[in-house]
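Biologist: I should like to go through this structure slowly and ask, for each label, what makes it the right one. Could you set the values beside the cut-offs as we go?

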Amino acid sequence: MGVKVKSNDGKARPDGDRIRELRMSLGLRRTEFGAKIGYSHQQVVRIEDGLTPVSDEVCRLLCREYGVSEGWLAREQGTDELHLEEDSRRRRKRLRKVYEESGLTQREFGKYTHTATSMLNDVISGRKQMTIRYAQKIEETLGIGADWLLFGDEGENPAMKRTFFRIVI
């Protein structure tokens, strides 16, 4: 477990372990994680390994792209799961909406999206986190944007209505 790191201005900074924890909780590879904030795989490795300190810029980018607070990143706020619970709840809500509006059974949904039948139930129930790979499989087969499933607003996905009229099992 990492420790609080203070910058020159006395402000707490996240450590590499916390950044790794965030990345892994999202189910992202270093390349995918870094791309969202304009960093390379190697830059993410250096940050996670503690070789490069986490700058204010990186903190701002992580907060904006992944919906976490600076307090959570710096281990100053709440439990380690605080940010993940709300994000996970929103992802489950979006996935449930896609599943229910598809009119498919759980087995058909798994077959159509080329995923394990139990995965849908595990993600919706909260036993497992929705990974980027799972969201991408849904995007590839149903046309529902992976970004919307993972990070989108709670409004309607524009592709949703048109997608379900063309599903044929």
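Modeller: Let us begin with L95, and keep in mind that this is a predicted model. Leaving out residues up to four places away in sequence, L95 touches F109, L120, V123, I124, M130, Y134, I138 and L149.

Biologist: What makes these residues count as touching L95?

Modeller: A contact is called when heavy atoms come within 4.5 Å, and F109 and Y134 are among the residues that L95 reaches in this way. L95, F109 and Y134 are also among the residues with the most contacts inside the largest nonpolar core, which has 39 residues. Helix 4, residues 56–66, gives the most to this core, with 6 residues.

Biologist: How do you know that F109 is buried rather than exposed?

Modeller: Buried means a relative accessible area under 20%, and F109 has a relative accessible area of 0%, so F109 is buried.

Biologist: Why is the pair of Y99 and F109 called edge-to-face?

Modeller: Two rings pair if their centres lie within 6.5 Å, and planes over 60 degrees apart count as edge-to-face. For Y99 and F109 the centres are 5.6 Å apart and the planes stand at 90°, which satisfies both conditions. This is the 1 aromatic pair that a search of the whole structure finds. The pair links distant parts of the chain, with Y99 in helix 6 (residues 82–102) and F109 in helix 7 (residues 106–113), 10 residues apart.

Biologist: Why are helix 7 and helix 9 called roughly perpendicular?

Modeller: Angles from 65 to 115 degrees count as roughly perpendicular. Helix 7 and helix 9, residues 132–142, pack at an angle of about 85°, with their axes 9 Å apart, and the two helices are therefore roughly perpendicular to each other. Where they meet, F109, Y112 and T113 come from helix 7, while Y134, K137, I138, T141 and L142 come from helix 9.

Biologist: What makes the phi of H114 worth a remark?

Modeller: Most residues other than glycine have a negative phi. H114 is not a glycine, and yet its phi is positive, at about 60°. H114 lies in the loop between helix 7 and helix 8, and because exposed means over 50%, its 59% relative accessibility makes H114 exposed.

Biologist: How do you know that D49 and R20 form a salt bridge?

Modeller: The rule asks for a side-chain nitrogen of Lys or Arg within 4 Å of a carboxyl oxygen of Asp or Glu, and between the side chains of D49 and R20 the N to O distance is 2.9 Å. D49 lies in the loop between helix 3 and helix 4 and R20 in helix 1 (residues 16–25), so the pair ties together parts that are 29 residues apart in sequence. By this rule the structure has 8 salt bridges.

Biologist: Why is D49 called partly exposed?

Modeller: Its relative accessibility is 44%, which lies between the 20% limit for buried and the 50% limit for exposed, and D49 therefore counts as partly exposed.

Biologist: What makes D147 and K36 a salt bridge?

Modeller: Their closest N and O atoms are 3.1 Å apart, which is within the 4 Å of the rule. This pair, too, links distant parts of the chain, since D147 is in helix 10 (residues 146–151) and K36 in helix 2 (residues 30–37), 111 residues apart. D147 is partly exposed at 47%, and K36 is partly exposed at 26%.

Biologist: How do you know whether E48 is buried or exposed?

Modeller: With a relative accessible area of 2%, under the 20% limit, E48 is buried. E48 is found in helix 3, residues 41–48, and, leaving aside its neighbours within four places in sequence, it is in contact with G16, D17, I19, R20, R23 and R30.

Biologist: Why does Y66 count as buried?

Modeller: Y66, which is found in helix 4, has a relative accessibility of 2%, and because buried means under 20%, it counts as buried. Beyond its neighbours within four places in sequence, Y66 has contacts that include L22, F33, K36 and F151. The C-alpha atoms of Y66 and F151 are separated by 7.6 Å, although the two residues are 85 residues apart along the chain.

Notes. Residues are numbered from 1 along each chain as its sequence is written. This is a predicted model: local features need pLDDT of at least 70, side-chain atom pairs count only at pLDDT 80 or more; totals for chains, interfaces and linings use all residues. Side-chain values use heavy atoms; hydrogens and water are left out. Helices (H or I, at least four residues) and strands (E, at least two) are DSSP runs, numbered from the N terminus. Buried means under 20% relative accessible area, exposed over 50%, partly exposed in between (1.4 Å probe, protein chains only). A nonpolar core is a set of buried Ala, Val, Leu, Ile, Met, Phe, Trp, Tyr and Cys residues joined through side-chain atoms within 4.5 Å. Rings of Phe, Tyr and Trp (its six-membered ring) pair if their centres lie within 6.5 Å; planes under 30 degrees apart count as stacked, over 60 as edge-to-face and the rest as tilted. Axes are lines fitted to C-alpha atoms, for helices over the stretch in contact, and angles run from 0 to 180 degrees between N-to-C directions. Angles under 35 degrees count as roughly parallel, over 145 as roughly antiparallel, 65 to 115 as roughly perpendicular and the rest as oblique.
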